[in-house]
Amino acid sequence: MSDLLITAGPFRFEARFETDGAPKTVAALRARLPFRSQIVHVRWSGEGVWVPLGETDFAVPYENHTSHPAPGQIILYPGGLSETEILLAYGGVSFSSKVGQLAGNHVITLTSGLENLPELGRLVLWEGAKDFEIALL
């Protein structure tokens, strides 16, 4: 079941919230919808794109957290050792920053369009920042 539309650059993906595993993170992100920003390529983590959010405080604990999101999984890092961020894995990711390995809350999973993830990653890596939006369907 899909309840979200993720737009990243020229691509559109349907997605679902991970409500059972990350209820507080889902509630905090849902309250900010539609969420609009830009994605850039990750610096240290591998094959992913991210939204740097600086000191934004989502006021959520670790829940359903991982350092290795699978392609099509979106994690929210609530801040602490590094800045707050949202990361979308398009390939292999070992989530980290300049201070070392991190873990983010797996909050969203893409349910369609996964075949477009490698091209999204290539576009962001070679062409730079792309528009990004999370909205309810």
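Trainee: Which residues of helix 2 (residues 117-127) are buried?

Mentor: This is a predicted model. In helix 2, the buried residues are Leu117, Leu120, Gly121, Leu123 and Val124.

Trainee: How should I read that spacing?

Mentor: Start with the general idea. An α-helix has 3.6 residues a turn, so residues three or four places apart point the same way. Here the buried residues cover an arc of only 160 degrees around the axis, which puts them on the same side of helix 2.

Trainee: Which exposed residues does the face turned away from the buried side of helix 2 carry?

Mentor: That face carries Trp126 and Glu127. Just after helix 2 comes Gly128, with a positive phi of about 100 degrees.

Trainee: Which residues that are not glycine have a positive phi?

Mentor: The general idea is that most residues other than glycine have a negative phi, and most peptide bonds are trans. In this model Ala59 has a positive phi of about 55 degrees without being a glycine. Asn64 also has a positive phi of about 55 degrees, and Asn64 is not a glycine either. Ala59 sits in the loop between strand 4 (46-52) and strand 5, and Asn64 is placed in the loop between strand 4 and strand 5. Ala59 counts as exposed, at 66% relative accessibility, while Asn64 is partly exposed at 33%.

Trainee: Where is the peptide bond that is cis?

Mentor: The bond from Leu33 to Pro34 is cis, with omega near -5 degrees. Pro34 belongs to the loop between helix 1 (23-30) and strand 3 (35-41).

Trainee: How many aromatic pairs does the structure hold?

Mentor: There are two aromatic pairs. Phe11 and Phe13 form a tilted pair, 6.4 Å centre to centre with 40 degrees between the planes. Tyr77 and Phe95 form an edge-to-face pair, at 5.8 Å centre to centre and 70 degrees between the planes. The angle decides the label: over 60 degrees counts as edge-to-face.

Trainee: Which parts of the chain does the pair of Tyr77 and Phe95 link?

Mentor: Tyr77 is in strand 6, and Phe95 is in the loop between strand 7 (85-93) and strand 8 (96-97), 18 residues apart.

Trainee: Are the rings of these pairs buried or exposed?

Mentor: Phe11 is buried at a relative accessible area of 14%, and Phe13 is buried at 0%. Tyr77 counts as buried at 1%, and Phe95 is buried at 0%.

Trainee: What lies over the face of Phe58?

Mentor: Arg32 does, at 4.0 Å from the ring centre.

Trainee: What is the nearest side chain of opposite charge to Glu85?

Mentor: To read a buried charge, look for a partner. For Glu85, which is buried, the nearest side chain of opposite charge is Arg43, 7.8 Å away, and Glu85 has no salt bridge. A salt bridge needs a nitrogen to carboxyl oxygen distance within 4 Å. Glu85 is found in strand 7. Beyond its neighbours within four places in sequence, Glu85 is in contact with residues including Trp50, Leu53, Ile75, Tyr77 and Phe95.

Trainee: Which residues is Pro71 in contact with, leaving aside its neighbours within four places in sequence?

Mentor: Those contacts are Ala89, Tyr90, Gly91, Leu114 and Leu117. Leu117 is also among the buried residues of helix 2. Pro71 itself is partly exposed, with a relative accessible area of 46%, and is found in the loop between strand 5 (65-66) and strand 6 (73-77). The C-alpha atoms of Pro71 and Glu115 are separated by 10 Å, although the two residues are 44 residues apart along the chain.

Definitions and conventions. Residues are numbered from 1 along each chain as its sequence is written. This is a predicted model: local features need pLDDT of at least 70, side-chain atom pairs count only at pLDDT 80 or more; totals for chains, interfaces and linings use all residues. Side-chain values use heavy atoms; hydrogens and water are left out. Helices (H or I, at least four residues) and strands (E, at least two) are DSSP runs, numbered from the N terminus. Buried means under 20% relative accessible area, exposed over 50%, partly exposed in between (1.4 Å probe, protein chains only). Contact means heavy atoms within 4.5 Å. The arc is that of the directions from the helix axis to the C-beta atoms. Rings of Phe, Tyr and Trp (its six-membered ring) pair if their centres lie within 6.5 Å; planes under 30 degrees apart count as stacked, over 60 as edge-to-face and the rest as tilted. A charge sits over a ring if NZ of Lys or CZ of Arg is within 6 Å of the ring centre and within 35 degrees of the ring normal. Lys and Arg count as positive and Asp and Glu as negative; His and the chain ends are not counted.
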